[in-house]
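Open the structure in your viewer and keep the selection tool at hand. The tour below goes from stop to stop, saying what to select and what is there.

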Amino acid sequence: MMLSRAKPAVGGTPPPGDRRRKKGKEVPQLEELLAQRDFTGAIALLEFKQHVAEEEEEDGSLWIGYCAFHLGDYKRALEEYEALTKQATCKPEVWVNLACTYFFLGMYTQAEQAALKAPKSGLQNRLLFHLAHKFSDEKKLMSSHQNLQDVTEDQLSLASIHYMRSHYQEAIDIYKRILLDNREYLALNVYVALCYYKLDYYDVSQEVLAVYLQQVPDSTIALNLKACNHFRLYNGKAAEAELKNLTDSASSSFEFGKELIKHNLVVFRGGEGALQVLPPLVDVIPEARLNLVIYYLQQDDVQEAYNLIKDLEPTAPQEYILKGVVNAALGQEMGSRDHLKIAQQFFQLVGESASECDTIPGRQCMSSCFFLLRQFPNVLIYLNSIKSYFYNNDTFNFNYAQAKAAMGNFSEAEEVFLLIQSEKIKSDFVYLSWLARCYIMNKKPQLAWKLYLKMETSGDSFNLLQLIANDCYKMRQFYYSAKAFDILERLDNNPEYWEGKRGACVGIFQMILAGREAKETLREVLHLLKSTGNSQVEYIVRVMKKWAKENRVPV
């Protein structure tokens with residue numbers, strides 16, 4: 001969204017007004033109110049003069065449109081400009097003002113039509129430049145780009161396009177060059193701070209922003225950006241405290257950004273009120289759709305998240321990443337290889353891009369891409385490069401531990417799994433199964449068995465039993481393998497479970513003979529065998545009892 005309020009929508013400087021004063025009374029003049037950016041006061045004065053015909057301001061309706069535009073009341077500005085275009089004496093430049101108003105209302109087709117009716121000017125070219133970007137028309141974009149001049153307004157417009165195309169460093173270079181020659185353009189510090197925010201340099205963004213806030217402490221956009229920096233650097237409560245200063249001051253600029261503030265408060269509060277606030281803001285604030293998708297993902301409503309984002313044509317890295325995440329979640333939920341393939345391609349596109357390859361999100365994307373391809377050595381290369389930024393991040397640790405375990409590094413994987421605090425993740429079967437495998441591979445089968453005992457009977461508990469039974473067997477941890485196969489056999493009369501239990505019980509007996517298992521365990525082995533009505537049981541039990549009798553082992 002283009003938020004430039006530094007240049008007037010009507011060309012030129014305010015004309016010198018009537019400096020007459022009524023006797024005994026100071027009446028503010030239009031140019032004074034405009035200089036103070038008191039647009040509300042200016043509209044009140046202009047409307048008053050319209051009712052007193054002999055004092056009507058020249059171009060009064062044009063100035064009301066100008067003031068309404070700069071107040072962010074684009075609908076009022078639209079009414080004024082449309083009325084002017086229907087007059088026979090309409091000035092040609094009104095069309096470009098009308099086009100700017102259409103643009104800020106998101107009515108881009110009407111904006112282009114109105115702009116083309118206006119005489120050629122710098123403002124018209126800048127507007128067409130932005131419209132070409134909105135329409136993704138590279139040919140028209142380059143045509144308008146070639147018409148840009150080395151003047152401040154055109155360079156600011158170019159920087160804005162760089163910003164919206166995620167070329168943040170190029171935008172910073174333009175802003176800094178202009179600031180070198182025009183120190184009084186304090187608002188440019190806000191734009192520089194926005195770029196640093198987008199580059200994840202939140203502390204640098206704060207420093208640059210402070211220069212502007214010292215002079216304009218009630219700026220909605222600047223205070224909102226400060227709150228966003230606090231959200232990234234600290235937490236939602238710190239961010240919300242910054243916005244409270246803004247809402248309490250109730251400055252005239254608050255109306256200008258109130259929808260943005262409502263949107264960001266939802267984010268700072270962890271999604272509280274998302275369904276009430278965000279749906280009306282979709283396609284008004286670009287991030288509203290993305291944050292609503294994130295909310296649905298957090299609520300495990302993957303299908304609703306997909307429905308909201310499936311038709312979005314991504315243009316920014318965040319949009320590609322979110323489409324990748326949604327497709328990955330849906331692919332895993334539905335078992336769809338097509339969605340997983342789309343997710344992998346989105347992640348790879350972002351991770352290999354020149355602008356993102358060395359950023360944290362870019363490396364996360366590459367790790368996700370390789371994770372979906374099951375290329376875990378490459379996953380670890382990327383995750384190791386950024387792990388210092390995510391020590392206490394449960395989602396990161398979950399993926400990192402899985403990659404470690406997949407590479408057979410079960411000791412480190414166990415440590416990372418145990419760092420996770422999220423109850424949601426800790427109750428996930430993927431977490432439980434991988435942690436159980438780590439315990440078994442690290443010779444702690446009793447801990448894997450405890451994980452099973454804590455679970456309620458379900459399909460997941462049955463699958464975990466199978467994992468424990470088979471992994472313990474492979475690792476010659478026959479006692480817990482036999483216990484797991486015994487329960488599996490009770491739940492499902494599959495001959496494979498009896499064969500597994502038989503092998504595990506014989507394995508325990510062998511370990512007792514070798515002195516690597518306590519002799520007292522034999523009693524429980526016999527109990528497990530007797531619970532099976534197989535003809536082979538009698539012979540095995542007879543052999544074990546004979547040995548126990550000869551070695552005076554009570555059974």
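A residue counts as buried when its relative accessible area is under 20% and as exposed when that area is over 50%, with partly exposed in between. Keep in mind that this is a predicted model.

**Stop 1: the cysteines**

Select Cys369. Its relative accessibility is 1%, so Cys369 counts as buried. Next, show the sulfur atoms. The cysteine sulfur closest to that of Cys369 belongs to Cys365, and at 9.1 Å it is too far for a bond. To count as a disulfide, two cysteine sulfur atoms must be within 2.5 Å.

Move to Cys438, which is buried as well, at 0% relative accessibility. Here the closest cysteine sulfur is in Cys472, 13 Å away, again too far for a bond. How many disulfides does a search of the whole structure find? The search finds 0.

**Stop 2: helix α7**

Select residues 122–134, which make up helix α7. The helix has 13 residues, and the distance from its first C-alpha to its last is 19 Å, close to the 18 Å expected at 1.5 Å a residue. Why is α7 described as largely enclosed by the rest of the structure? Because 11 of its 13 residues are buried. Among them are Leu123, Leu127, Leu128, Phe129 and Leu131. The buried set also includes Gln124, Asn125, Arg126, His130 and His133.

To see what covers these residues, add α5 (94–104), α6 (108–117), α8 (138–146) and α9 (152–164), which are among the covering parts. Then look just past the end of α7, where Ser136 has a positive phi of about 55°.

**Stop 3: a salt bridge from α7 to α9**

Stay with α7 and select Arg126 together with Asp154. The two form a salt bridge, with 2.7 Å between the closest N and O atoms. Arg126 belongs to helix α7 and Asp154 to helix α9, so the pair ties together parts that are 28 residues apart in sequence. Are the two partners buried or exposed? Both Arg126 and Asp154 are buried. In total the structure holds 20 salt bridges.

**Stop 4: Glu319 and Arg289**

Select Glu319, in helix α19 (residues 317–334). Glu319 is buried but has no salt bridge. Its nearest side chain of opposite charge is that of Arg289, at 7.8 Å, whereas a salt bridge needs a side-chain nitrogen of Lys or Arg within 4 Å of a carboxyl oxygen of Asp or Glu.

What lies 2.7 Å from a polar atom of the Glu319 side chain? The backbone nitrogen of Thr315 does. Show the surroundings too: beyond its neighbours within four places in sequence, Glu319 is in contact with Leu290, Leu312, Glu313 and Pro314.

Now select Arg289 itself. Arg289 forms a salt bridge with Asp283, the closest N and O atoms being 3.1 Å apart. The two ends of this bridge are placed as follows: Arg289 is buried at 17% relative accessibility, whereas Asp283 is exposed at 64%.

**Stop 5: helix α26**

Select residues 429–441, helix α26, and pick out Met441. At 22% relative accessibility, Met441 counts as partly exposed. Setting aside residues up to four places away in sequence, Met441 touches Phe410, Asp471 and Met475. For a sense of distance, add Gly515: its C-alpha is 22 Å from that of Met441, and the two are 74 residues apart along the chain.

Tyr431 is also found in helix α26. Its relative accessible area is 4%, so Tyr431 is buried. Which residues does Tyr431 touch, not counting those up to four places away in sequence? They are Phe398, Phe417, Leu418, Ile420, Ile425 and Lys426. As another distance to draw, take Tyr431 and Thr109, whose C-alpha atoms are 51 Å apart and which are 322 residues apart in sequence.

**Stop 6: a network of salt bridges**

Last, select Arg490 and Asp486, whose side chains meet in a salt bridge at 2.9 Å, N to O. The two residues are 4 residues apart in helix α29 (residues 478–491), so about one helical turn separates them. Asp486 is buried, at 4% relative accessibility, whereas Arg490 is exposed, at 56%. Add Glu489 and Lys501 to the selection, and the view holds a network of salt bridges that links Asp486, Glu489, Arg490 and Lys501.

Note on methods
Residues are numbered from 1 along each chain as its sequence is written. This is a predicted model: local features need pLDDT of at least 70, side-chain atom pairs count only at pLDDT 80 or more; totals for chains, interfaces and linings use all residues. Side-chain values use heavy atoms; hydrogens and water are left out. Buried means under 20% relative accessible area, exposed over 50%, partly exposed in between (1.4 Å probe, protein chains only). The expected span of a helix is 1.5 Å times one less than its number of residues. Contact means heavy atoms within 4.5 Å. Lys and Arg count as positive and Asp and Glu as negative; His and the chain ends are not counted. A polar contact is a pair of N or O atoms within 3.5 Å; within protein, one must be able to donate a hydrogen and the other to accept it, and residues adjacent in sequence count only if both atoms are side-chain atoms.
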